[in-house]
Amino acid sequence: MKTIEGNIIDVVKKEIFKGRIFFDNKIVKIERDNSIINEQYILPGLVDAHVHIESSMLTPLEYSKIATKHGVVAAITDPHEIANVCGMAGINFMTESARETPMKIFTGAPSCVPATSFETSGAIISSKEIETLLSSGQCTHLSEMMNFPGVIYNDTEVEAKLAIAKKHNKVIDGHAPLLTNEDLKKYIQAGISTDHECTNLKEAKEKIALGMKIMLRESSAAKDFGTLMPLIETNPEAVMLCTDDCHPDDLEKGYINLLVKRALKEEYNIFNILTAATKTTVEHYNLNIGLVQEKDDADFIVINNLDDFTVLSTFIEGQEVYNGKESLIKNRNKNTINNFYTNEITTEDICVKYTSGSINVIQIVPDSLLTHKINYKQEGKTEAIISNTDVDILKIVVLNRYAKAKPSIGFIQGFELKHGAIAGSIAHDSHNICAIGTSDEEIIKAIKEVQKTQGGLVVVNGNEIHKLCLPIAGLMSDKDCPSVAKEYKMLSEQAKELGCTLHAPFMTLAFMSLLVIPELKLSDKGLFDVTKFNFVKLQN
């Protein structure tokens, strides 16, 4: 039997008291004792309500080491990224890796692989596979239903997946950016209970009023937490905290603990904050995660005080996994998996012949996954439409990495590259190769470098080539977080040296092919208008 003492924070009864906890793998007894002088705080371990671990570029084991350092004991995950690349084998890879760590990683069944029929993925997860994943217990819930048009317009395969989740009494996660009114009502009535795509309070409050739980997201690209933070005070039982997609350099600095600290600094009620960071998620998904109650699993963290919120220790089922200095999670054998086809590509393949009129251009919205559609007309007489750094109109190319195909070409504004090119095999949701550059020659060079390593991130600056290799599905490294974060930070700085002013250039690049978030995106099959849910011509 082990003991620990200090200021105990009870998020269930909403009180803080001096006491002592007796525990093994479960909490056996909690004893009040006002004579205790230790001023540390003991509270439930934090929970990320929605995360794609692959976006950290780390395996679940390596991710767990850095997560528990920041006081996160559990995560509700969606292996959607690797499923798009490797199918069921990819999901198996993630769940097997998750079993190697004491961190509580709850894996969802990816509901939209591929996310749409307007792109090429490396695999298809049908309702048959969803039945296998949910009935076997391998997956705990149905992950985000991104195909909201499929829900609204009664797509038979979408309906089949929703029916399977309901049959097994599983939570169904949502993904409904800017959905409102009758369409939103129908979406929720289909049994979908959460959303992490809200970008303003009006949108979030409408969804809460209709019974949804809202996840306040702070990812490497989408910074929505500050806007939605007031919901912690107004609707504490209806909100959770999540990161969705967090790159290794950001993850190294902090995690859900940083969101808690921000809310505490704003003097929000501590019990409301911790309810959002722990209790609401645990109860909504009906998960076996302790909340520092007698007979609960001994899942808790120890912090120095409520101002610094510095994690001193992290315990999961009574086992100390972080001691304030280093992770105590053991290393395991490193396995790998991939799916990669190399298409031949030349500058001729990405030349865009000028016809007439203007072109449809993707315009980036900083710190958001949303984009706008704008028109651009190239000045002067020319045979081809090319990148124009003076007005920040750059060529963007998406190339299929699963089968023989020609590249898809568009133009984008907002990256502000003045020279060079960047490329990567992380390109939501199908993870084909995506590249942006100021010259066709450098774009091709960047794409070929990604192909050479069979996955990774690349910066090309003339004859200089810098890269981060991602051998696991073209999404993840086999190294630890500090190593990957260091390489990724260097690569991001090299992208910024090309002129890019974005906070996370590669994260933003990765979402320019995501066809389920408005307004204009580019898939390997063409330029896509998300609001109309159909392809549009490049040239008007």
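This is a tour of selected sheets, helices and loops in a predicted model, with a selection to make at each stop.

**Stop 1: the eight-strand sheet**

Select strands β18, β17, β21, β20, β23, β22, β24 and β25, which in that order form an open sheet of eight strands with mixed pairing. At its edges are β18 (371–376) and β25 (464–469), each paired on one side only. From one strand to the next, the twist averages 25 degrees. In general, the strands of a sheet pair through backbone hydrogen bonds, either parallel or antiparallel.

For one pair inside this sheet, select residues 393–399 (β20) and 408–413 (β21): the two strands run antiparallel and are joined by six bridges. To find one of the bridges, pick V398 and look across to S408, its partner in β21.

Next add residues 481–497, helix α15, which lies across β22 (421–424), β24 (456–461) and β25. The helix runs at about 145 degrees to β25.

**Stop 2: the loop after β22**

Stay with β22 and move to the loop between β22 and β23 (433–437), where D429 is found. Display the backbone of H428 and D429: the peptide bond joining them is cis, with omega about 0 degrees. H431 is in the loop between β22 and β23 as well. Its phi is positive, about 60 degrees, although H431 is not a glycine. For comparison, most residues other than glycine have a negative phi, and most peptide bonds are trans. Is H431 buried or exposed? H431 has 1% relative accessibility, so it counts as buried, the cut-off being under 20%.

**Stop 3: S513 and its loop**

Select S513, in the loop between α16 (505–510) and β26 (520–523). Which residues does S513 touch, leaving aside neighbours within four places in sequence? They are E119, A427, H428, D429, K521 and L522. H428 and D429 are the two residues of the cis peptide bond at the previous stop. S513 is buried, at a relative accessible area of 5%.

E519 is also in the loop between α16 and β26. The peptide bond from P518 to E519 is cis, and omega there is near 10 degrees.

**Stop 4: strands β13, β14 and β15**

Select residues 311–316, strand β14. Five of its six residues are buried, so β14 is largely enclosed by the rest of the structure. Show β13 (residues 300–303) beside it: β13 and β14 pair in the antiparallel sense over four bridges. Then show β15 (residues 319–322), which runs antiparallel to β14 and is joined to it by three bridges.

F315 is a useful residue to label. It is the bridge partner of F300, and its own partner in β15 is E320. Between β14 and β15, which form a hairpin, there are two residues. In that turn, E317 has a positive phi of about 50 degrees.

**Stop 5: helices α4 and α6**

Select residues 127–135 (α4) and 156–167 (α6), which pack with their axes 9 Å apart at an angle of about 15 degrees. That angle makes α4 roughly parallel to α6. Their crossing is right-handed. Show side chains for S127, I130, E131 and L134 of α4, and for E157, A160, K161, I164, A165 and K167 of α6, which make the contact. By class, the contact has five nonpolar, one polar and four charged residues.

**Stop 6: K14**

Finish at K14, in the loop between β1 (2–10) and β2 (15–23). K14 is not a glycine, but its phi is positive, near 55 degrees. With a relative accessible area of 37%, K14 is partly exposed.

How values were computed. Residues are numbered from 1 along each chain as its sequence is written. This is a predicted model: local features need pLDDT of at least 70, side-chain atom pairs count only at pLDDT 80 or more; totals for chains, interfaces and linings use all residues. Side-chain values use heavy atoms; hydrogens and water are left out. Buried means under 20% relative accessible area, exposed over 50%, partly exposed in between (1.4 Å probe, protein chains only). Contact means heavy atoms within 4.5 Å. Two strands pair if DSSP finds at least two bridges between them. Axes are lines fitted to C-alpha atoms, for helices over the stretch in contact, and angles run from 0 to 180 degrees between N-to-C directions. Angles under 35 degrees count as roughly parallel, over 145 as roughly antiparallel, 65 to 115 as roughly perpendicular and the rest as oblique. A crossing is left-handed if the near helix is turned anticlockwise from the far one by less than a right angle, and right-handed if clockwise. Ala, Val, Leu, Ile, Met, Phe, Trp, Tyr, Cys and Pro count as nonpolar, Asp, Glu, Lys and Arg as charged, and the others, Gly among them, as polar.
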